[in-house]
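Visitor: I would love a guided look at this model before I set up any calculations. Could you take me through the ligand site and the helices?

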Amino acid sequence: MKRVLITGATSGIGEQLVRDYVRTGWTVIACGRHAGRLQALADSLPGLQTLAFDITDLAQTRERLNGVTADLVILCAGTCEYLDHGVVEAEKVERVLRTNFLGPVNCLDVLLPQLSAGSRVALVGSTAGLVPLPRAEAYGASKAALAYFTRSLAQDLQRRQIALSLILPGFVDTPLTQRNDFPMPMIITAEQASRTIMRGLDKGRAEIAFPWFFALIMRLTALLPAALQRRLTQRIAR
Ligand SMILES: NC(=O)c1ccc[n+]([C@@H]2O[C@H](COP(=O)([O-])OP(=O)(O)OC[C@H]3O[C@@H](n4cnc5c(N)ncnc54)[C@H](OP(=O)(O)O)[C@@H]3O)[C@@H](O)[C@H]2O)c1
C-alpha cells in the first residue's frame, strides 16, 4: 500500500487531500499542530496515522519526523497575513516567512535523507508568488521563495531519483481565504483543488497550477513590463 505524508492536514486543502487519499486506499500520515484536531480527523477516518508538531520548530519537526518514510510527501501547511497601507511589520513578515518558507525547509531537512529513489515531494506554493500583488508583500515573497527553492532543489535531487512538484493554487475556498475582504476571481472549492492536485501528482507533473485560466493570466501578467504589471494589479486590487 502506498504511503503519503501530508502537512496542514487539519484544515482546507490539506484536510481534503487527507480525506481523498484515504478514500483511494493510500496509507495517510496526517500532520498538524493541534493533537485534538488530528484526533477528530482520525476518529472519522479509520486507519489514519497522525503526527502533531509545529513546522516552524526545527527541533520538534526533527523529533516527530525522525525515521518516517513515504512514497509521497505533500507539504501543504501554510498561513497568510497581509500588510496594510504599506506598513512593514517585521514580526508579521517573519511569521509568514517562517511558516510558508522555513517550515517546509525544516520538513525537507528531516525527510529527504529518509526518502527512497522513486518517491515524490510536492510543495504547495501559490500563484500569488508569480506576480507582486498589493498587500501580499510577505505572503507573495514567502511563496516566491518556496517556488525558487523547489525548482532549484528539483535539479539537485534528480540524481537521487526523488521528484519534486510545485503546486500553485489560485483562490480556493478554505478557512484561510474566508478571512479575505476582497473579491476572489475564479475561486474553487477545496474538493476541486484536491482532485486537481491528485491528478497532477499521479501524472508526475513538475508544476500543477490551477485553475488553469487564472494561472495562465498570472503567468502572462508576469511577462509584462513592471510598470504595466503594477497598473494592472492595482486596478484589480481596487
Ligand atoms: N486557499 C487558497 O486560496 C490558497 C491559494 C494558494 C495557496 N494556498 C496554500 O495552500 C496551503 C493550504 O492552505 P489552506 O487554504 O488550506 O489554509 P488553511 O485552511 O488555513 O490550512 C492551513 C493548514 O496549515 C497548518 N499550519 C499553519 N501553520 C502551521 C505550523 N506552523 N505548523 C504546522 N501546521 C501549520 C494549519 O494547522 P492549524 O490547524 O494548526 O492552524 C492548517 O492545517 C497553504 O500553504 C496556502 O498558502 C492556499
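Visitor: Which side chain has an N or O atom 3.4 Å from an oxygen atom of the ligand?

Guide: Happy to start there, and please keep in mind that this is a predicted model. A pair of N or O atoms counts as a polar contact when the two are within 3.5 Å. The pair at 3.4 Å joins a ligand oxygen to the side chain of His34.

Visitor: What is the distance between an oxygen atom of the ligand and the side chain of Thr174?

Guide: Thr174 is listed among the closest residues to the ligand, together with Ser11, Arg37, Tyr139 and Val172. An N or O atom of the Thr174 side chain faces an oxygen atom of the ligand, and the two are separated by 2.5 Å.

Visitor: Which residue puts a backbone N or O atom 3.0 Å from a nitrogen atom of the ligand?

Guide: Here the protein partner is a backbone atom, whereas Thr174 uses its side chain. The backbone atom 3.0 Å from the ligand nitrogen belongs to Ile55.

Visitor: How much of the ligand does the protein bury?

Guide: The starting point is the ligand taken alone, which exposes 890 Å². Of that area, the protein buries 93%.

Visitor: Which element gives the most residues to the shell around the ligand?

Guide: Three elements give two or more residues each: α1 (12–23), α5 (137–157) and α6 (175–178). With 3 residues, the one that gives the most is α6.

Visitor: How many residues of that shell are charged?

Guide: In total, 30 residues surround the ligand. The shell has 13 nonpolar and 13 polar residues. The charged ones number 4.

Visitor: Now the helices, please. Are α4 and α5 roughly parallel or oblique?

Guide: Their axes are 8 Å apart, and the helices pack at an angle of about 20°. Their crossing is right-handed. Angles under 35 degrees count as roughly parallel, so α4 and α5 are roughly parallel.

Visitor: And how would you describe α3 and α4: roughly parallel or oblique?

Guide: Helix α3 covers residues 58–65 and helix α4 covers residues 90–111, with axes that come within 9 Å. They cross at roughly 40°, and α3 passes α4 in a right-handed crossing. The angle therefore makes the pair oblique.

Visitor: At what angle do α1 and α7 cross?

Guide: Helix α7 spans residues 190–202, and its axis comes within 9 Å of that of α1. The crossing is right-handed, and the two helices are oblique to each other. The angle is roughly 60°.

Visitor: Which backbone nitrogen does a side-chain oxygen of Asp57 reach at the start of α3?

Guide: The other end of this helix has a feature too: Gly67 follows α3 with a positive phi near 85°. At the start, the Asp57 oxygen reaches to within 3.2 Å of the backbone nitrogen of Ala59.

Visitor: What is the phi of His85?

Guide: Most residues other than glycine have a negative phi. His85, in the loop between β4 (72–75) and α4, is not a glycine, yet its phi is positive, at about 55°.

Visitor: Which residues does a cis peptide bond join?

Guide: Most peptide bonds are trans. The cis bond here has an omega of about -10°, and one partner lies in the loop between β9 (207–210) and α8 (212–223). The residues joined are Phe210 and Pro211.

Methods:
Residues are numbered from 1 along each chain as its sequence is written. This is a predicted model: local features need pLDDT of at least 70, side-chain atom pairs count only at pLDDT 80 or more; totals for chains, interfaces and linings use all residues. Side-chain values use heavy atoms; hydrogens and water are left out. A residue is near a molecule or strand if one of its heavy atoms lies within 4 Å of it. A polar contact is a pair of N or O atoms within 3.5 Å; within protein, one must be able to donate a hydrogen and the other to accept it, and residues adjacent in sequence count only if both atoms are side-chain atoms. Accessible areas come from the Shrake-Rupley method with a 1.4 Å probe; for residues, only the protein chains shown count as cover. Helices (H or I, at least four residues) and strands (E, at least two) are DSSP runs, numbered from the N terminus. Ala, Val, Leu, Ile, Met, Phe, Trp, Tyr, Cys and Pro count as nonpolar, Asp, Glu, Lys and Arg as charged, and the others, Gly among them, as polar. Axes are lines fitted to C-alpha atoms, for helices over the stretch in contact, and angles run from 0 to 180 degrees between N-to-C directions. Angles under 35 degrees count as roughly parallel, over 145 as roughly antiparallel, 65 to 115 as roughly perpendicular and the rest as oblique. A crossing is left-handed if the near helix is turned anticlockwise from the far one by less than a right angle, and right-handed if clockwise.
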